[in-house]
Amino acid sequence: MKPPPERKVVTVAEPQSAQPALVPKLAIELGPLLVFFAGNAVGGIYAGTAAFMVATVISLAVARFRYHKIPIMPLISGVIVFVFGGLTLYLHNETFIKLKPTIVYSMFAILLLAGLLLRKPVLELLFGPVFTLTEQGWRKLTLRWTLFFIAMAIVNEIVWRNFSTDAWVSFKAFGFLPLTFLFAVAQVPLLQRHGESPRDEADDPNAEKRT
């Protein structure tokens, strides 16, 4: 009697193929912020705002060309950049562009909280193909990101209301993103505790006996 053929796992190479894609993703995310910082340093907040809007269009176009779609969160952020950037330039009032991060973070927090209340975690809809978590894991992760976005909205309000425009621009370019990155890294233990790797069952020789 022939033994059953071994099942092949094809997901091992995915992390290697994902690593080269990290650089363009970072460029798409970081590019407009760096352009905003440079434009403000050279020509002031209004020149920086105009450059920020142009760079945002370019980054969204690059994302559309490279990935054949525009991720929902950068798209929402881009729309708000145009609304508040346009108001900043039209009314010559820098308050609007300073409010933009507060509005974006608040919107994300509301979306995540609404998903929790409706028992449809938004993060699972966005990152389900990337992470495989238990239901409890998605709830905990969503709650943590909700609280993080609320905290970031509060931080933005504190910075722009109490510091100079140049200090706020610098913090926006070099503060928000590192904080977000560090917070994301801090969630790795949660992902590991509540992860459901699709390879576990394939690698387990007793998996078939349990089904």
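**Three salt bridges to find**

Arg139 is partly exposed, with a relative accessible area of 37%. Let's begin our walk at this residue, keeping in mind that the model is predicted.

Which residue forms a salt bridge with Arg139? The partner is Glu135, and the closest N and O atoms of the pair are 3.3 Å apart. Because a salt bridge requires such atoms to lie within 4 Å, this pair counts as one. Glu135 is exposed, with a relative accessible area of 59%. Both residues belong to helix α7, which covers residues 135–162. They sit 4 residues apart, about one turn of the helix.

Now follow helix α7 to Arg161 and Glu157, whose side chains also meet in a salt bridge. Here the N to O distance is 2.7 Å. These two residues are 4 residues apart in helix α7, so about one helical turn separates them. Is each partner buried or exposed? Arg161 is exposed, at 54% relative accessible area, whereas Glu157 counts as buried, at 17%. The label for Glu157 follows because buried means under 20%.

For another stop, look at Glu94, which forms a salt bridge with Lys98. Their closest N and O atoms are 2.7 Å apart. Glu94 is partly exposed, with a relative accessible area of 22%, while Lys98 is buried, at 5% relative accessibility.

How many salt bridges does the structure hold? There are 3. Why can such pairs form? Side chains of opposite charge can pair when their charged atoms come close.

Conventions
Residues numbered from 1 in each chain as written. Predicted model: local features only at pLDDT ≥ 70, side-chain atom pairs only at ≥ 80, totals over all residues. Heavy atoms only, no water. Buried < 20%, exposed > 50% of the residue type's maximum accessible area, 1.4 Å probe, protein only.
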